[in-house]
Amino acid sequence: MIEIDKKKYTITSYQDISEQKKAEKKIIAYTKELERKNKEIEQFAYVSSHDLQEPLRSITNFSTLLAEKLTAHPDKSLHEYMGYISGGVKRMSQLIFDLLEYSRIGNDLNKSKIDCNKLVDEILTTMSAGIKESGAEIHVSKLPVVDGYIYLNAVFQNLLSNAMKFHKPGTHPIIHIDAALHAKGYLFSIADNGIGIEKEYHERIFIIFQRLHSRKEFPGTGIGLSQCRKIVELHGGKIWVESEPGKGSTFYFTIPKS
């Protein structure tokens, strides 16, 4: 309100935000479509994996019976073929299990206080046989208590398993688990002295089914790191790797404070 020559005037300004509103509507529509497609993919993975279990059990049962009947058979090639069948069935079974686990991430969204010290202790106890076999040295710093989902243990377990698996020939794995408090949350790191990863693959390894090595070199389904990313992002955090070939890898992930 201003006054000119004893007359009062009201100054009004207008701004055209129609384009902004259109952009906002597009973003909302895109987000909803993305959520819908993600749910469809997860549902597809669950149903496909679940439906595959029954025929796989039949293949497992009949191949076991056939292998027993061929025990005394002199043809070595038949035993070799049965070995291929059994190996394929085991890989398929593990793949189905991993797909089901991946599809279930996010079903339970009840957060609770998680003592990461106890969590890692339990994981190390579960992995004790593999740790002993590989001669791994695992050093764990003081870890925080976080508000998290039940899936958080899979992040530590996958990263620890990889750190043990991808060690250099003639060496034993040395792994360091650390955590630090930052302004917005906690930064976790799991460092190893393994074979390392070339920079061009630092993003690719978090994509589902992406493998950098053959199954003969290193067994696995190529789902573990994608599970880690899905779980960390579910918490509102980020995950990445810093690594060089032959110089080990350090995986970082953040968990925000509530």
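These exercises work through the fold, one helix contact and the aromatic pairs of a predicted model.

Residues are numbered from 1 along each chain as its sequence is written. In this predicted model, local features need pLDDT of at least 70, side-chain atom pairs count only at pLDDT 80 or more, and totals for chains, interfaces and linings use all residues, while side-chain values use heavy atoms, without hydrogens and water.

**Exercise 1. Describe the chain as a whole.**

Step 1. Start with the elements. The chain has six helices and nine strands. Helices (H or I, at least four residues) and strands (E, at least two) are DSSP runs, numbered from the N terminus.

Step 2. Look at burial. The chain has 258 residues, and 31% of them count as buried. Buried means under 20% relative accessible area, exposed over 50%, partly exposed in between (1.4 Å probe, protein chains only).

Step 3. Turn to the contacts (heavy atoms within 4.5 Å). Take those between residues at least 6 apart in sequence: 69% join residues at least 24 apart.

**Exercise 2. Work out how α2 and α6 are arranged, and which residues meet.**

Step 1. Locate the helices. Helix α2 spans residues 76–104 and helix α6 residues 224–234.

Step 2. Compare the axes. They come within 10 Å and cross at roughly 10°. That makes α2 roughly parallel to α6. Angles under 35 degrees count as roughly parallel, over 145 as roughly antiparallel, 65 to 115 as roughly perpendicular and the rest as oblique. Axes are lines fitted to C-alpha atoms, for helices over the stretch in contact, with angles from 0 to 180 degrees between N-to-C directions.

Step 3. List the residues. From α2 come Asp98, Glu101, Tyr102 and Ser103; they meet Ser226, Gln227 and Lys230 in α6.

**Exercise 3. Classify two aromatic pairs and place them in the fold.**

Step 1. Set the rule. Rings of Phe, Tyr and Trp (its six-membered ring) pair if their centres lie within 6.5 Å; planes under 30 degrees apart count as stacked, over 60 as edge-to-face and the rest as tilted. The structure holds five such pairs.

Step 2. Take Phe156 and Phe253. Their ring centres are 5.5 Å apart and their planes stand at 80°, so the pair is edge-to-face. Phe156 lies in helix α5 and Phe253 in strand β9, so the pair ties together parts 97 residues apart in sequence. Both residues are buried.

Step 3. Take Phe206 and Phe251. This pair is also edge-to-face, at 6.2 Å centre to centre and 80° between the planes. Phe206 lies in the loop between β7 and α6, and Phe251 in strand β9, so the pair links parts 45 residues apart in sequence. Phe206 is buried at 3% relative accessibility, and Phe251 is buried at 6%.
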